[in-house]
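Subject: Handover of a structure

Dear colleague,

I am handing over the structure below for your records. Please look through it first; a summary of what was found follows.

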Amino acid sequence: MIDRMQLGEVPEKPHTVFRDRAGRLRHEECLTRAGFDGEYSILYHEGPPMTDREIGPADPGPFDRRVPIPASPVPLKRRLLLGEKSPPGWTPVLDSADVTVSLFHLPPEAAGDEGFCNGDGDDLLYLYSGRGTLETPFGDLPAEGGDYVLVPRGVVHRWRIEEDLRGIGFELKGGFHLPTQFRNPVGQLRMDAPFTHRDFRRPRFSGPRPGPATVLVKKGGLFVRRVPLASPFDVVGWDGTVWPFAFPILRFQPKTGLVHLPPTIHGTFAGRGVLVCSFVPRVTDTHPDAIPCPYPHASVDCDEVIYYVRGSFTSRKGVGPQAVSLHPAGIPHGPHPGAYEASIGTRATDELAVMMDTFLPLSLTEQALGLEHAGYHDSWVPA
Ligand SMILES: [Fe+2]
């Protein structure tokens, strides 16, 4: 999805005889998208990747990300969720047919030995804090607070956690891609794109190794447990364009204009009906009379979600790290009282946040209501 990679041993041509030194035939695993029309990677396993000793329904334990019946008693209301209060594990907070947004807090013991495979969507995570290594058939991917991590749909993986991982996850049910305007006709990131190929941290491949003895698979919100015959990580080589990556948010190259530019300049990743943006520290607008704070606007088409990481956010007051705001389509929104005028003359912002715009309206989950900060909607009324 970023570019093509090739690591380890692969045969000269796909779908041809490829044996080890003892003459044993290796097994291909073609990981394809959009049926056989989209991007793909081909992995070469020592053992058959499709054979299970057992398979059956499972209790997901710490991997549970089921979305209970959504509860949105007053849909058109601005909400603030206090993410720092989210319990260990996964806490789904917002949901639509395109994306499920979850807060996560994964302590080292939550990782366990089991592998996980999400059949429902690509998992785009933003790590607020922590440190760990994502183990995958493509290799190991170290990640820490400040990184986005993409785990493509259908990839067996396991976290080795050194420090509790906290953050926000976007399960993209209609695929993941880079915004198309960043690509040139051959798919390379353009010279004026807000990041380069070099900014993506790629898997470190060291050949076949023991993997999880069991794999929990999520599909349609249900869970099954596989007991594979061979290690899912017994890969001798792979090539293709589908692979997990990490991307440090501070590698995003922000743009500044004469006057305030719309949020599209912060666009970083995209999915069906979803745009994820990175608000990173930057100099602000250069016009002597510029108002750097975002202008009030009518959210005609999009629900807007912001996950606050650090710094003083120019448009909002009273929001802290790990808080999640939801400003739904249908009602106008804008800066908190006083923030608009107070921003005049500022020349830089230290804000760090992740924003998501969605075209389909989001429903709040029961868990979200338990994290809600009452009175947020009314905080726009002057005191
Ligand atoms: Fe907005």
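The model is predicted, and the values given here were computed from it.

I begin with a sheet. Four strands make up an open sheet, in the order β1-β16-β3-β2, and their pairing is antiparallel. At its edges are β1 (5-8) and β2 (27-32), each of which pairs on one side only. From one strand to the next, the twist averages 15°.

Within this sheet, one pairing may be followed in detail. Strand β3 (residues 40-45) and strand β16 (residues 235-240) run antiparallel and are joined by five bridges. One residue to locate is His45, whose bridge partner in β16 is Val235.

The second topic is the metal site. Which protein residues are the donors of the iron ion? They are His297 (NE2), Glu304 (OE) and His333 (NE2), and they lie 1.9 to 2.3 Å from the ion. Along the chain, the donors of the iron ion follow the spacing H-x6-E-x28-H. Glu304 and His333 link distant parts of the chain: Glu304 belongs to strand β22 (residues 303-310) and His333 to strand β24 (residues 332-333), with their positions 29 residues apart in numbering.

Are these two donors, Glu304 and His333, buried or exposed? Glu304 has a relative accessible area of 8%, and since buried means under 20%, Glu304 is buried. His333 also counts as buried, because its relative accessibility is 6% and the cut-off is again 20%.

With kind regards

How values were computed: Residues are numbered from 1 along each chain as its sequence is written. This is a predicted model: local features need pLDDT of at least 70, side-chain atom pairs count only at pLDDT 80 or more; totals for chains, interfaces and linings use all residues. Side-chain values use heavy atoms; hydrogens and water are left out. Donors are N, O and S atoms within 2.8 Å of the metal (3.2 Å for Na, K and Ca); water is not among the atoms, so sites may look incomplete. Helices (H or I, at least four residues) and strands (E, at least two) are DSSP runs, numbered from the N terminus. Buried means under 20% relative accessible area, exposed over 50%, partly exposed in between (1.4 Å probe, protein chains only). Two strands pair if DSSP finds at least two bridges between them. Axes are lines fitted to C-alpha atoms, for helices over the stretch in contact, and angles run from 0 to 180 degrees between N-to-C directions.
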